[in-house]
Structure formats: C-alpha cells, structure tokens
Amino acid sequence: MRGNQPQYGYAQPYPQTVIVQKKGGGCLRAFLIGAAVMAGLILLGSLLSGGGSGGGSSEDTDGGTTAAAAPTKRHAKPKQAGVGDVVKDGKFAFKVTKVEKGLAQIGEGFTVSRAQGQYVLIHLTVKNIGDEAQLFSDSSQKLIDSKGRQYDADSGAAALGLKDSNAFLNNINPGNSVRGILLFDVPKGFTLKAVELHDSMFSGGVTVALS
C-alpha cells in the first residue's frame, strides 16, 4: 500500500461549493446610494447657478458695479435760449428784449416805409465783450420761420423809419453796449420761430427762439 494513493473502496471527496446567500438589503443600499448621488448633483447645480448670478448682487468680486447693472443716464437736452436770455457769438453778447410783428408801415411823412407783407421788429441789446472794436450790422442777422426759411433784414427801411435802430454799421468799442432794432419784411402768413444773431457775416451765429 502506497501512501500517495487512495485506498480502494473509498470515493474521492468532491470540492465543497460555497453558497453565498444574497441578503435582502442590497436593493435598499443601491437605492440610498442613487438618492445620495442625485441630491449631490442637485446641490452642485444650485451652487453653480447661485454663483453665476452673484446672489442677486449687482457687484462683482472686485466690488465694482457690473456693466449690465449700471444705470443708464439720460442727458437732458440743453434749454434753447429765448427772449430775455443773454447769448454770445464772437465778440458780441446779445439779449433780445421784445418782439413786434404785424406792422404794415413804419416812420412818418417822408420817412414812411410800407411793408410788402408785414414788418417784424426785434428789439435787442448788443454788448462788445471782446478786446477791440467790432462792427454791428443788421445785414448779418437772419430771421427764421417755422419752415426753416431765412429772411434778411430791411436795412434801408430801418435806417429811414426807425430813429433808434442803431443796427446799420454801428461800430461798438470793447465794454460798450447799444440798444438796437432789427427790421424784417416778411409775408402776412409768416409764422415766427427764431432769430439767428452774428457778430459778423462770417461767424457761426447763435439762435434765439421767438415762438
């Protein structure tokens, strides 16, 4: 009888099979893990969306206001000058003091002048704010109607019929001021809008509303 061989008459034993019994808690564990992962994703999304909006604040991380949240400022339209306001052009400061319209004629006797349509008189003061004498002439001034049309002054009628016109080739020294009257002959259906005043025929001019 050999020690390495099995004895006759005995069956060789089979390997034992290990049976692992599945416990009923496996499904519950998988459910809890899935719920935890889902909750984590929801929390992460909430944090990301909250960080992007800045928690409703209009300030960035540097403490500055964001461009989107910055309020837009509306610049107020500059007020247009009117009767009684002082306006400047070149060496002259102008102030329109009164407007007359609807005059059929001016002057008396041999100096009378009759309008083709109607006369409009613009009373104003002119002051030299420069450092040398400047010539004031009514021929450099323009009257404007509601349609934007420009009208020249009637220098001849003003010189004859208006004693205090002072608007025809009047040389004004620095610091001095004169009272003058601009005379315009316009149609009877004329709608007055503004007068454009110049210190010379080459200046840019300044507009005074009269309507």
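## Close-up views of a predicted model

A search of the whole structure turns up three salt bridges, a term used here for a side-chain nitrogen of Lys or Arg within 4 Å of a carboxyl oxygen of Asp or Glu. Please keep in mind that this is a predicted model, in which local features need pLDDT of at least 70, side-chain atom pairs count only at pLDDT 80 or more, and totals for chains, interfaces and linings use all residues. Residues are numbered from 1 along each chain as its sequence is written, and side-chain values use heavy atoms, with hydrogens and water left out.

**View 1. Glu132 and Lys91 meet in a salt bridge.** The N to O distance here is 3.7 Å. Helices (H or I, at least four residues) and strands (E, at least two) are DSSP runs numbered from the N terminus. With those names in hand, you can place Glu132 in the loop between E3 and E4 and Lys91 in the loop between E1 and E2; the pair links distant parts of the chain, 41 residues apart. Glu132 counts as partly exposed because its relative accessibility is 45%, and Lys91 is also partly exposed, at 23%. In these legends, buried means under 20% relative accessible area, exposed means over 50%, and partly exposed lies in between (1.4 Å probe, protein chains only).

**View 2. A salt bridge joins Asp152 and Lys142.** The N to O distance is 2.4 Å. Asp152 belongs to strand E6 and Lys142 to strand E5, 10 residues apart. Lys142 also stands opposite Glu196 in E9.

**View 3. Asp145 forms a salt bridge with Arg149.** Their closest N and O atoms are 2.7 Å apart. Is each partner buried or partly exposed? Asp145 counts as buried, at 2% relative accessibility, whereas Arg149 is partly exposed, with a relative accessible area of 45%.

**View 4. Strands E6, E5, E9 and E10 form an open antiparallel sheet, in that order.** Strand E6 (150–152) and strand E10 (206–209) each have a single partner strand, so one side of each is left without a neighbour in the sheet. Neighbouring strands are turned by 30° against each other on average, direction ignored. These angles use axes that are lines fitted to C-alpha atoms (for helices over the stretch in contact), and they run from 0 to 180 degrees between N-to-C directions. Inside the sheet, strand E5 (residues 142–145) and strand E9 (residues 192–197) pair in the antiparallel sense over four bridges; two strands count as paired if DSSP finds at least two bridges between them.

**View 5. A second view of an open antiparallel sheet takes in four strands in the order E1-E2-E3-E8.** Its edge strands are E1 (86–89) and E8 (177–186), each pairing on one side only. The twist averages 40° from one strand to the next. Strand E3 (residues 113–128) pairs with E8 in the antiparallel sense over 10 bridges. Look for Val120, which stands opposite Phe184 in E8.

**View 6. Ring pairs link Phe92, Phe94 and Phe136 into a cluster.** A search of the whole structure finds four aromatic pairs. Rings of Phe, Tyr and Trp (its six-membered ring) pair if their centres lie within 6.5 Å; planes under 30 degrees apart count as stacked, over 60 as edge-to-face and the rest as tilted. Phe92 and Phe136 form an edge-to-face pair, 6.0 Å centre to centre with 80° between the planes. Phe92 lies in strand E2 (residues 92–106) and Phe136 in strand E4 (residues 134–136), so the pair ties together parts that are 44 residues apart in sequence. Phe94 and Phe136 form a tilted pair, 6.3 Å centre to centre with 55° between the planes. Because Phe94 lies in strand E2 and Phe136 in strand E4, this pair ties together parts that are 42 residues apart in sequence. Both Phe92 and Phe136 are buried, and Phe94 is buried too.

**View 7. Asn166 and Leu169 each have a positive phi.** The phi of Asn166 is about 50°, although Asn166 is not a glycine, and the phi of Leu169 is near 50°. Asn166 sits in the loop between helix H2 (155–161) and strand E7 (170–172), and Leu169 is in the loop between H2 and E7. Asn166 is partly exposed at 36% relative accessibility; Leu169 is partly exposed at 48%.
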